[in-house]
Amino acid sequence: MRTMYRQYISEIGLSLEQDTPSTPQDGKYYLILKGKILGSYNSQKRATEAYKKIREKLGYKVLKTQTKAERKELIQVEDMDRFFERYNRYWGSSQSFRKGGKLVNR
């Protein structure tokens, strides 16, 4: 059984699809622009190359929003947030695990 594949840019209506409801179920990759099939390819590599060429012809630019350093910093901040969330959850519920009674030898 094949799995469905779809890569889509909604702003320009360009997609690369395989075995989706809008393409034949023959295992080929189809390049589609605004609902019209532009071509079919046997390999994903060739289909992706054609997809990128059409995307560039249409003037669509892929935005690079973050640098590697910014992504690393964001990951570190998220890790710290998760750490403090776990810390607070653990210590916030710790009183429910304590046994009642008097302290001994104090």
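This is a short dialogue on reading the sheet, the helix and the core of a predicted model.

Visitor: How are the strands of the sheet ordered, and what pairing do they have?

Guide: As a general idea, strands of a sheet pair through backbone hydrogen bonds, and the pairing is either parallel or antiparallel. In this structure, 4 strands form an open sheet in the order β1-β2-β3-β4, and the pairing is antiparallel. The edge strands, each pairing on one side only, are β1 (5–9) and β4 (36–41), while the twist from one strand to the next averages 15°.

Visitor: How many bridges join β1 to β2, and which residue in β2 does glutamine 7 stand opposite?

Guide: The antiparallel strands β1 and β2 are joined by 5 bridges, and the residue that stands opposite glutamine 7 is leucine 16.

Visitor: Where does α1 lie, and at what angle does it run to β2?

Guide: Helix α1 lies across β1, β2, β3 and β4, and its direction makes an angle of about 170° with that of β2.

Visitor: Which residues make up the largest nonpolar core?

Guide: This core has 10 residues, namely Ile9, Ile12, Leu14, Leu16, Tyr29, Leu31, Tyr41, Ala47, Ala50 and Tyr51. At least two of them come from each of β2 (14–18), β3 (29–33) and α1 (44–57), with α1 giving the most, 3 residues.

Visitor: Which residues is leucine 31 in contact with, leaving aside its neighbours within four places in sequence?

Guide: With those neighbours left aside, leucine 31 is in contact with Leu14, Ser15, Leu16, Lys36, Ile37, Leu38, Gly39, Tyr41, Ala50, Tyr51 and Ile54.

Note on methods
Residues numbered from 1 in each chain as written. Predicted model: local features only at pLDDT ≥ 70, side-chain atom pairs only at ≥ 80, totals over all residues. Heavy atoms only, no water. Core = buried A, V, L, I, M, F, W, Y, C linked by side-chain atoms within 4.5 Å. Buried < 20%, exposed > 50% of the residue type's maximum accessible area, 1.4 Å probe, protein only. Helix = DSSP H or I, 4+ residues; strand = E, 2+ residues; numbered from the N terminus. Contact = heavy atoms within 4.5 Å. Pairing = 2+ DSSP bridges. Axes fitted to C-alpha atoms, helices over the stretch in contact; angles between N-to-C directions.
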